[in-house]
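Me: Please take me closely through one part of this protein, starting from a single residue and then moving out to the pockets and the pieces that line them. I would like one connected account rather than a list.

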Amino acid sequence: MKKVVKFGGSSLASAEQFQKVSSIIRSDESRKYVVPSAPGKRYASDTKVTDMLYTCYDAAVNKKDFESLLSAILDRYNEIIKGLGLTISLDHEFEVIKDNFINEAGRDYAASRGEYLNGIIMATYLGFDFVDAAKVIRFNEDGSFNDTVTNDLLSACLSKIDSAVIPGFYGAKEDGTVITFSRGGSDITGSLVALAASVDMYENWTDVSGFLIADPRIVKHAKSIETITYKELRELSYMGASVLHEDAIFPVRKAGIPINIRNTNEPQDKGTLIVEGTCKQPKYTITGIAGTDGFAAITIEKAMMNSEVGFCRKVLQVFEENNISIEHMPSGIDTMTIFVHKKEFEEKEQQVIAGIHKAVHPDHIELESDLALIAIVGRGMRATRGTAGRIFSALAHAHINVKMIDQGSSELNIIVGVRHDDFKAAIRALYEIFVLTQI
Ligand code: ASP
């Protein structure tokens, strides 16, 4: 049994957190490959090292005083080194970083140093080999990620090493130019290492005990999801639930490697297991509820619309020409409604309305803003009668008017649209009926 363990920034923000991480790794021999993030926040108002590095690099490029900012970053690492009782010095590394900042090595290079330095400390502390991600995670000349070469380089390298620390978030082009993934990208590195080393499990350690059934800021003490499939996860992440970087899923999914989200501060919790498929019946009819607000709806009415060939296409083309992406499109006999992100739509609203008038000559166009969409997701819904009935009675009892309904043909989700003001109450009502009372 072999595992990759990735630790997020809050799990590595201080010496105390490093100690928790090391006892997690040492408690299970199969935890062979470690992917660290950069030190995150130690308390709510703290700054992540990655953000400190961006600010510092910008100052260097703008010929402002960046050395004091750089020494504040060194202080953060030194505090960890001292707290762990290690004797290594990062002074030389910081001299190199300073020179590279002066020579404008790039913002990606700057940000990547957060993971790089944390990796050196972690490898020293654990007595594991250190593998610089710049040597094994490959980007193409145009900056896009090269999965084939990466997998070859990584698997060749790891096949010769028993246990290693590979810093997350970055890699390099063939000429050595450092490139990072998007923010939160250490999750992707973890997934790539899991694939290349063909491990049995990718453990992703963070500061929550897995995915929660609902957003804890809305539902206090929301329970966590034990097992979720990749498809369910995709539906929930699309609606704003986030614990894991979206791009981290593909490499391991392809290889059938499960991901286990775990909590560094509560290592006894089982967390959430993300799998391709499972015969395990979910505990509740639904797996999770997620929602986002900030949507606008454009309803177009025209008598006999249904018999007008090409009507939808012409309307959609107006949105395409204005570069607005469409989120949902429920329709009636003589109406069609388009849900879009309000922010994206607002600036171009008059152009779009004029465009629709010109394209299809509607009888009426109605605009509604401040709408929220809520997805109720669960593989268990397929086998259960009356799920929709329960959703609507829960919302009706909470005096919430449903503005839109959309059930995917996979029966994996039901999406309802409600007014922004009803958003939180709707999520609470749904959680209550499916999880608390289980009526
Ligand atoms: N340190 C990077 C960030 O803050 C990457 C990561 O933590 O995954 O986004």
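Reply:
**One residue, then the pockets**

Threonine 272 belongs to strand S10, which covers residues 272–275. The model is a predicted one, and in it threonine 272 has a relative accessible area of 0%; because buried means under 20%, this residue counts as buried. Leaving aside neighbours within four places in sequence, threonine 272 touches Ser209, Gly210 and Phe211, then Ile225, Glu226 and Ile228, and also Ile259, Asn260 and Ile261. For the last of these, isoleucine 261, the C-alpha atom is separated by 5.2 Å from that of threonine 272, although the two residues are eleven places apart along the chain.

Two residues elsewhere offer a contrast in exposure. Histidine 221, in the loop between S7 and strand S8 (227–229), has a relative accessibility of 74% and is therefore counted as exposed; its phi is positive, about 55°, although it is not a glycine. Methionine 304, in the loop between S11 and helix H11 (311–321), is likewise exposed, with a relative accessible area of 56%, and its phi, near 65°, is again a positive value in a residue other than glycine.

From single residues we can turn to the empty space. The largest pocket has a volume of about 1,200 Å³, and of the 46 residues that line it, Thr206, Asp207, Ser242, Val243 and Leu244 are the closest to its centre. Several elements each supply at least two residues of this lining, namely helix H8 (186–196), strand S7 (201–206), helix H9 (230–238), strand S11 (288–301) and helix H15 (423–436). The largest share, three residues, comes from S11. By character, the lining of the largest pocket divides into 19 nonpolar, 17 polar and ten charged residues.

The second largest pocket has a volume of about 260 Å³ and is lined by 14 residues, of which Phe145, Asp147, Leu192, Phe250 and Pro251 lie nearest its centre. Its lining divides into seven nonpolar, four polar and three charged residues. Helix H7 (147–158), H8 and helix H10 (249–255) each give at least two residues to this lining, so that H8, which also supplies at least two residues of the lining of the largest pocket, has a part in both. The largest share of the lining of the second largest pocket, four residues, comes from H7.

That makes H7 worth a look in its own right. This helix has twelve residues and reaches 16 Å from its first C-alpha to its last, close to the 16 Å expected at 1.5 Å a residue. Its buried residues are Thr150, Leu154, Cys157 and Leu158, and, seen down the axis of H7, they fall within an arc of 90°, so they line one face of the helix. An α-helix has 3.6 residues a turn, so residues three or four places apart point the same way. Among what covers the buried residues of H7 are strand S2 (31–36), helix H6 (133–136), strand S4 (164–165) and H8. H8 thus appears twice beside H7, once as part of this cover and once as a fellow contributor to the lining of the second largest pocket.

Technical notes. Residues are numbered from 1 along each chain as its sequence is written. This is a predicted model: local features need pLDDT of at least 70, side-chain atom pairs count only at pLDDT 80 or more; totals for chains, interfaces and linings use all residues. Side-chain values use heavy atoms; hydrogens and water are left out. On a 1 Å grid over the protein atoms alone, a cavity is a set of points where a 1.4 Å probe fits but cannot get out, and a pocket is an open set with protein on both sides within 12 Å along at least five of seven lines; lining residues have an atom within 4 Å of a point. Grid points are joined across faces, edges and corners, and a volume is the space filled by probe spheres set on the points. Ala, Val, Leu, Ile, Met, Phe, Trp, Tyr, Cys and Pro count as nonpolar, Asp, Glu, Lys and Arg as charged, and the others, Gly among them, as polar. The expected span of a helix is 1.5 Å times one less than its number of residues. Buried means under 20% relative accessible area, exposed over 50%, partly exposed in between (1.4 Å probe, protein chains only). The arc is that of the directions from the helix axis to the C-beta atoms. Contact means heavy atoms within 4.5 Å.
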